[in-house]
Each structure stands twice: as structure tokens, then as C-alpha cells.
Amino acid sequence: MDGLLTEVKTVTHGRDTSLSIVKEGPVDGLERHKATSEADTDADPTSADYILTVLQSKPDRAGLYGVLKVLDPSNESIIPKAFDIRVPSPTAAQILNALGTVTVPDHWASLNTKSKGSTPEDNKLRAALLRCFSSVSGTSCLVAQLRSLITAARSSSQQTKESGPQIQIRDILTFLSALLKPKDLTLRIYMDIEALYSNTTQKQVAWREFLSLVAASKVLSATAEALTLAGNFDGLSTILWIGDGPKYTSWLGTNICHMVSKLDFDNRDAWKAVASLTGRALSLGYTDYLACELYTSLLINETLRERYSSLFDELRPMEQFAVLEATFREVDKKYFLTLIDESNEAILDQHVNVVAGLCYSIIGERQHMQTQLLDWLSKGQGGSIKTIGLRRALLASFADQKDSMMTLLKKSLEQSSDKFYIKHAPIVSQEANTQVLLLAAGYLKRLDSNAMMEIGRSSAFLNAVSNRLAASSSKARFLGMIIGMSISQLIEQPGKAMKFDLEEMESERALWYFNLVNTQDSVGSLESIKSPTDSEPAKRSSNPATATRKPPLPRTAKIVAIEEIESENEKSEDEDLIPYEKPDEDPYDSDEDPTLIQRNKPTAPVYIRDLIICLRDTENIERFELAICTAPSLIRRKTAFGTELVENTEELALVIVGLQEQSKFPKFHEYRLQSIIALIVSQPLRMGRWFTAMFFDGDLSQVQRSAVLTGLGLSAREIAGNGENDAKTLGLPTLPDTLFPSKKLPANLEALYSSNESPIASLTKKLAQTSLQPLAANAADSLSGPNALKVRTFSSRMEVEKQRQQREAQRQKSTAKDLYKVLVEGFFYPLKGRFEIMMLQFSSSTAPSYNPFLTPNLLTLFIQTLTLTLSTMGPHTPYLPTVTEDALTFLLSLHTRPVSDDPIILSALLAFFLAMVDLNVASGSTGEERLVTEFASQVIELRDWAGEVFDRTPSVKGDEPREQVRTLAAGVMVKLGEVMERYQGRLMGVNSGFKY
């Protein structure tokens, strides 16, 4: 019978799995194990051949434990004769390959399970297996194995992928996660390298190889790609960090901090090694997370502060500046950008003092850092310094240094007086320069009044004021008057200072600038950073329902005797009973299992706090969906009722912006958008700025950023009283959809044939069509005869005029107070200003190469939002000159970039340009003259660009984006041509008579 049984297939991990006919032999496992045991009785258990043979024969737990006991680097009692598994060699490579391809797939899944049945021997076996790979060669072997499995998974079929390589990828990922997770891994590997190698060159080569694995994205890129092929399985959430860039960088920062805390100050080689690790980690592209981990773990801890300085000094200058900028971005985002109510001076001053202490600890007495910092501050750009709070903190860090403060003031004045800087620098940078200048002037006045007097009499100060007063920009002139009056008040006697009797010099903004010279901050203690109330103001209790619940009041009960009173004329009660009707069927009653019936249906929230709790309850889908549906109407009801919405606006906005679609809820995105619009409309000036800051600084996805932009654009239209018209234009349902189901397409076909165009894009296209329709009408009129021959009935004119007056009256009723100020200062200026800051930040050398804000879809939506806001202002806004200047600056900064060659971005830019021209034309002859006189060079450059776009865009039928580009470009050129002709006619006194 034994001769009839032959082996027809042999499967070996990591080898060819093709069918092969092997020699006939004993198939009894006991006989084969016995033969192997007899053959290996005389072999040395510490020899490489014996270990390799045992590993390839798929040993059981006992045999594996015996082999790993020999290979374990921590077992000093048994030392292999010829090799060490941590040192790269052919023998060690074969053993590591056998461990990775055979042992880990066979045993790791059972060893890694945390169950009650796990024994101490299993834990020892797991730890020994991990220690065998705790080396440079071990990590490299795992990465190579992972790469080969990825290639096999991509090339294999779907069924094979799910059964073979995918399972092995999961095992390698979980094993690699457990191997890298300890925070002392880097230190242990460095100490092993120092102990195993005697040659300095070998140590450097081994350490560089480790850096290329851990800090140069070999591990990160391999695991991130492998996670996309691993699928869903138990324990996936615990290993996701190994393929997530921010979390992986934070883990690397934790290892660096632990290594720094254990090094000896005299070991210069070790400090150079950890500095090289830090420098390579900066190249991963997540500098902010690494810098945050460094300063929170080392700099804030008083015992480790000196070690942070030692690590910082070992970095190269460019790496030091990268860490410094990343730290600035983190503290700016953490302490100042999240502070909505900047008028709360107490909180702002406290944050400024804390950040000043942090900046002083980093910069210290490093001269090259101070020089670069003074350059950033004086120019108003660079260094990722965005807010006035961070500028105050930086000046407070060297407030007692007279020479530095004088140098900063002189450089700021020279920069502010530069005509090229006044004309071409972003106004955000000029405002930052002015703020630094006034702060430095105040500090220098308190340090040395004679030095301040000398600077106030210098030519730099006079040139700064005179050049700014002669500028064409009203904002530049405003800053020049601010500088002149502020410094003059510091050096002149009361009553003799320079003064400009203008209304804008008495505004809140001007008074805020004047108060900067009196600002005096101090260097605070770093201990307050550890306080969770200061460092994480947005963090709330884990259970808001219990956090806001008051303790119940003590209840008192009074026992009352109950007597039963019998009626003398008692009748039969059953005769008067009326039977109830049969109740309606409850769908829950059809469930056979009564334990699954849920009759506690959620109720709609009626308070803002309850709404926040329901939106956070993502486990209860019914409650979550009910909260989403109720949010827009509840926010609008609470807008003018009490202070509940005002007190919880920020928290509610954070929850709504960060919402994720938990189920296939049909109108999730519509309800979230309506909630964002309701929040912005409730407090337009405040929430417009907040949502703008969240768009640029929040950790949001592309979908969430698009929702924020759409909400900003539509809320601006609603504030101006165009909400109902927009709803009719876009076909937005104001009431529940009552169409009969038979008249609607199925859900899958409706999604296929419905338009995916955003509401902002639809409104922008409608505005462009409205602007271009008169041009087409004039062209048609020129072919159909004079206007005098065209008759229109009187009754139709009266009806059209009556409808127009009704629409205008309705719009004025729903228009917000201070409409122009809200639209300009709450929407247009923040969007345009933060975009300039973002472009400056990504143009620096330390910024990541990928800019998520320049993706075609998001950039197009951003330009369309600006277009919508600009058109909503109308031609009668008092801010039209400055808005026109900002719009031209924005166009000039984008029209030559490669990204603007995309047809959809070209259409958005041309529509924005056309909207700006229409506003100035509609404002009258003054606006037209402004385009061809004050902004002539910018307008001519953009007109030539529009002509080039028209010439190089082919006319292809059926290509709607290109046709739209040609139409808009032609409209821009015709409009500007008419403006120039009218202006020339006014100059020459022609074309002013009656015209048919």
C-alpha cells in the first residue's frame, strides 16, 4: 500500500510552488522525524548549519525555542561559535531569511495573540524572536521581504492575493510594528553597533544603513504601500501608525528624545550620530511633527533642556532653521491661530509670555539665529511667522538687548521705505513689517530714549513716511500715517507730534496699531506649557454629557397615608369601558427576537450642547443622522436667541467641519454645508475669519476644505440678501422633496446623470454669463437694426419693473448690517491674505514640495469663491479701490504659474478678472479711470495675457472647458477695449452726444 502513495506537490515558503514529482519515500511523519533526529544527533546545536536545517524543517514550539535560545543576542550563556546574527554575513542572512519566510508566517500569529491561554514560555519565545531582528540587518531583511511580497501580491490574481501574499503581508506588518514600537529601539541599535564593531568606518557604514532604513523613508514607504494591500483584519488599527507619515515621524521623534536623554555629554560621536538621525528625519516631509515632539519632550522638561541645546548645536545650520521654522508653525497654530477672540488680552498676553520663553530657550545666544530672525521680522515674511502674537513673543525674547532692538528698528524702517517693497510686496507682509517696527520702537524707547530720538530724526524714518504717503495703494498710505504718528508721539513733546486729521486715523484698527508702541511683554516660564488648559484649549472632556451635568439636588419626600374610599352607588365598571382600536403595526414587532427590538428612539436635540453631543456620537447611527438633519435649523433658531450659540460656536464649528460620513446617508454633505452656512451667517465677521484660518491651517481632507470654501461663498451671498435667488438658480430644495417616486430616477441612475458641478461653480458661471450677455445682445442688435425701431409694450415694462422692485425690497430686508465691512474684512481680505502667506510659506526652502492648495479642483473652487465674494460686494462698496488692487495682485501672482495652464483654472481666473472689471465699470467713470490710470500697467499685462490665452486656445466643438476659456478671454478683451475707448473719448471730448 505504501508504494501506491507518492508526493506530488511540495510547498515551501519563499520558493517555487510549482508541481513536482518527488521520489517515493516514507510518508509517516514519525518515521521522518525519527530519521532527522538520528541524522542530527551528533550535530553541534550552535552551528549555523544545524540552526538553518531546523528552521527550514518547520519545527514545533519546543524546537523553535531551542534554536532561538541560541540565536538570542541577550543570552550570554550560549554563544555561537562562528557568527552573530546581528552582524551582516552570508550565514546570518540565510538564518534571517529563514526566520522571516518560515518562522514568522508559521508562529507569529499565535505568539502575538493576547489571550488568557498564553504562557510565559510563549512570551519568552515572542521576545526572543523580536530580539533576533533588532539589528540593522534584521530590519533590512524584513523590508526586503515586504517588498517581495508586495510585488507578488500585485502580480498575482485576486484569489491568490487574498489567500497567499496578503496573509504574509499582514504577518510581516504586525511583526515589524511590534519590533519598532519600543521607544528605546534606536538607542539599543546604536549601542549594539558600538559594541559589535571595532572599526570606526564599519560603525559609520552600519549607522548610515540604519538611517537609510528608518529615517530615509525605506520603512515608511514600504509599509505604507503594504497597508494598501493588507485589507481589513483584526488588529489593523494598532499597526496603522507604521505607514502613516505624521504618526511615524512622531514615533521617530520619541526615539530621538529617549536617545538624547540617555547619552553622556562627553560622547561626541554619539551626539553626532543622533544629530545625523535628526537631520535625516527632517527629510521625511513631516518636520512639524518632529519639531513638536522634540520641544515638548526635551525643551519643556527642565532636566533635559540642556540636552536639547546640545542636540540643536550639533545640527547643521539649514537643519537648525528647519527645526526653528517648524517650531514656529506649531506654536503659532497651537496658541494663536486657534484663538478666535483676539480681543481677550489676558489670554493673549499669557500665551505670548509662554511662547516668548520657548523662543528664548531655542534661540538663546546663537548669533546666526538672531541675525536670521531679525531679517525675517524686518521683512515681514519668512520663518513661518504669521500672527502678531508670535511676533510679540519673538521681540519679547530679546527685549532687553538694546543693540538687537536698534538693528531691528533700522532694518524695518529701511524695508518700509523701499519703493519697490511698497509697490510689489504683499500687503500682509507690509502690515507685519509695520507691526514689528512699532513694537521695536516701543521697546527701544524704554531701553534708550536718546537712541529712539536719533532714529526718529533720521532720513530712514522720513523716507518711510514720505514714500508711503506718495504710494498709490490706500493701505500703504494708511500704514505710512500710522508709522509717522506713532514714532512722532514717542520722540516729540505732547501736542507737537505729527497728526493726520482723517476719520480712518480714529478707527479701531488705527487705535490698535497706535497701542503697539505701548505693548510690553515678558519672558514667561515653560512650566505653564504643560498645563492642558493652556496648550490644548480645544480639548474637551471625554464624555461631554457627564461633564456638563450638574450634581442632582437632594430630594425630600413626605409620606402620606392613602385611604380607599368606596362609593355607595357602585356600579359595574365593565359596562362603561370602551374597547380600544387595533393599533398600527410596528415594524419592530416583525422581528422574531424580542431582545433586538429597540424602542428608545432618539429625539431631536433642542440645545446646542445636546447637538454637539449627538454629532460626536458616531456609534449610534440613528442619533447621528437625526443630529445632522436638525443642525441647520437649530443653529438658525439659536442665532438671535440668547448666548448659547455664541458660547459654543467654536466647538460646534470644529465638530461640523470634522464630520465624517458614517453611513450612506443620502444628504449628508448637503446638511453639513447648510450647517456651515448657518454658522457663518450667525456671526459673519468672526466665523468668516475662523473658517478661513481653518481652511489653511486645519488638518482637513480635500472634501472638507471644499465644503468650507462652498460654505464661505454661499454664506457671503446669503448675507447680501441673495440666498433665495441662489436657491432658485441652483435648484436647491428649500422644502422636503415631495416628488412622487415614479417620477424620479433610481438612485444609481440619478447619481450617474446628475451634475457634479459645485454650487460655487454654478453661481460663478451664471455671473459670467450675465456679464457677457449684453455683449452678445449688442452684437445681435448691430445686425437687426437701430434700437429706435425696436418696440416694447408698456405693460410688459411695467410688469418687469414691478418684479424687480419686489426682489430688491426682499433683498434689502435680508441684508446684514455693515455688509461691505463684513464681506471685505470677514471674507475677501482673510482669504486673499492667507493665500499669500501660504504661497510665501511653500516657497521657502524648508517647506514640503507638495502644495495641497494648488491642486486644480481646490484652487479652482478657491478662485470661484473669491469671484463670488467680489461680485456680491457690488459696485458701491467704499473698499473698491483696495479690493481692485488686491484682486490685480492676486491675478498677477497666479497667471504665470504652470498650474494656471489647466483649462478649469484658466476659466476661474478669467471669470475673476471679468468680475473685477465689471465692478469698476458699474461704479461709474471714476472706476473706469482707475483701471486705465492708477492700475494701467497691471491691467495691460493681464489684458495681453487674456489675448494670448485666446490665441493659443483652439476652438474645438464639444470641448466645453476650452470654449468657455475662449468666451471669457474674448469678453475680457472686449470689456477692457470699451473702457479704454470711453476714457479716450472723455479726454478728447468725443462720443459724448446722443447715440442710436
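Is Cys-359 buried or exposed? Cys-359 is buried, at a relative accessible area of 2%. Keep in mind that what you're looking at is a predicted model, so every number here is computed from predicted coordinates. Cys-614 is another buried cysteine, and its relative accessible area comes out at 5%. If you went hunting for S–S links, you'd come back empty-handed: the structure holds zero disulfides. A disulfide, after all, is a covalent bond between the sulfur atoms of two cysteines.

Let's zoom out for a moment. The protein has 996 residues, and 45% of them are buried. Its secondary structure is easy to tally, with 46 helices and zero strands. What about contacts along the chain? Take the contacts with a separation of 6 or more: 75% of them join residues that sit 24 or more positions apart.

Now to the N-terminal part of the chain, where Pro-45 is a handy place to drop in. Pro-45 sits in the loop that runs between α1 (29-39) and α2. Pro-45 is partly exposed, with 45% relative accessible area. Setting aside neighbours within four places in sequence, Pro-45 touches Tyr-50, Ile-51 and Val-70. There's also a C-alpha pairing to look up in your viewer: Pro-45 and Gly-66 are 21 residues apart along the chain, and their C-alpha atoms are separated by 8.6 Å.

Move on to the loop between α2 (48-56) and α3, and you'll find Lys-58. Which sign does phi take at Lys-58? Phi of Lys-58 is positive, at about 55°, even though this residue is not a glycine. As for accessibility, Lys-58 is partly exposed, at 45% relative accessible area.

After that loop comes helix α3, residues 61-71, which packs with helix α4, residues 90-111. Their axes are 13 Å apart, and the angle between them is about 130°. α3 and α4 are therefore oblique to each other, and their crossing is left-handed. Who does the touching? On the α3 side you have Arg-61, Leu-64, Leu-68 and Leu-71, and they meet Ile-95, Leu-99, Thr-103, His-107, Ser-110 and Leu-111 of α4. Sort the residues of this contact by type and you get six nonpolar, three polar and one charged.

Further along, Val-136 belongs to helix α6, which covers residues 136-155. With a relative accessibility of 13%, Val-136 counts as buried. Leaving out neighbours within four places in sequence, Val-136 is in contact with Ile-189, Ile-193, Ala-206, Glu-209, Phe-210 and Leu-213. Val-136 also pairs up with Asp-192 in a C-alpha check: the two are 56 residues apart along the chain, with 9.8 Å between their C-alpha atoms.

Some of those partners lead you toward α10 (200-214), and the loop between α10 and α11 (218-230) is where Ser-217 is found. Here's another backbone detail for your Ramachandran plot: phi of Ser-217 is near 70°, a positive value in a residue other than glycine. Ser-217 counts as partly exposed, at 29% relative accessibility.

Next up is a second helix pair. How do α12 and α13 line up? Helix α12 (residues 245-262) and helix α13 (residues 268-281) have axes that come within 11 Å and cross at roughly 165°. The cut-off for roughly antiparallel is over 145 degrees, so α12 is roughly antiparallel to α13. The crossing of this pair is left-handed. From α12, the contact draws on Leu-252, Ile-256, Met-259 and Val-260, while α13 brings Trp-271, Val-274, Leu-277, Thr-278 and Ala-281. By type, the contact of α12 with α13 splits into eight nonpolar, one polar and no charged residues.

Our last stop is Thr-327, which you'll find in helix α16 (residues 317-336). Is this threonine, Thr-327, buried or exposed? Thr-327 counts as buried, with a relative accessibility of 1%. Apart from its neighbours within four places in sequence, Thr-327 is in contact with Ala-291, Tyr-295, Leu-358 and Ile-362. From Leu-358, one of those contacts, you can step along to Cys-359, the buried cysteine from the opening question.

Terms used
Residues are numbered from 1 along each chain as its sequence is written. This is a predicted model: local features need pLDDT of at least 70, side-chain atom pairs count only at pLDDT 80 or more; totals for chains, interfaces and linings use all residues. Side-chain values use heavy atoms; hydrogens and water are left out. Axes are lines fitted to C-alpha atoms, for helices over the stretch in contact, and angles run from 0 to 180 degrees between N-to-C directions. Helices (H or I, at least four residues) and strands (E, at least two) are DSSP runs, numbered from the N terminus. Angles under 35 degrees count as roughly parallel, over 145 as roughly antiparallel, 65 to 115 as roughly perpendicular and the rest as oblique. A crossing is left-handed if the near helix is turned anticlockwise from the far one by less than a right angle, and right-handed if clockwise. Contact means heavy atoms within 4.5 Å. Ala, Val, Leu, Ile, Met, Phe, Trp, Tyr, Cys and Pro count as nonpolar, Asp, Glu, Lys and Arg as charged, and the others, Gly among them, as polar. A disulfide is a pair of cysteine sulfur atoms within 2.5 Å. Buried means under 20% relative accessible area, exposed over 50%, partly exposed in between (1.4 Å probe, protein chains only).
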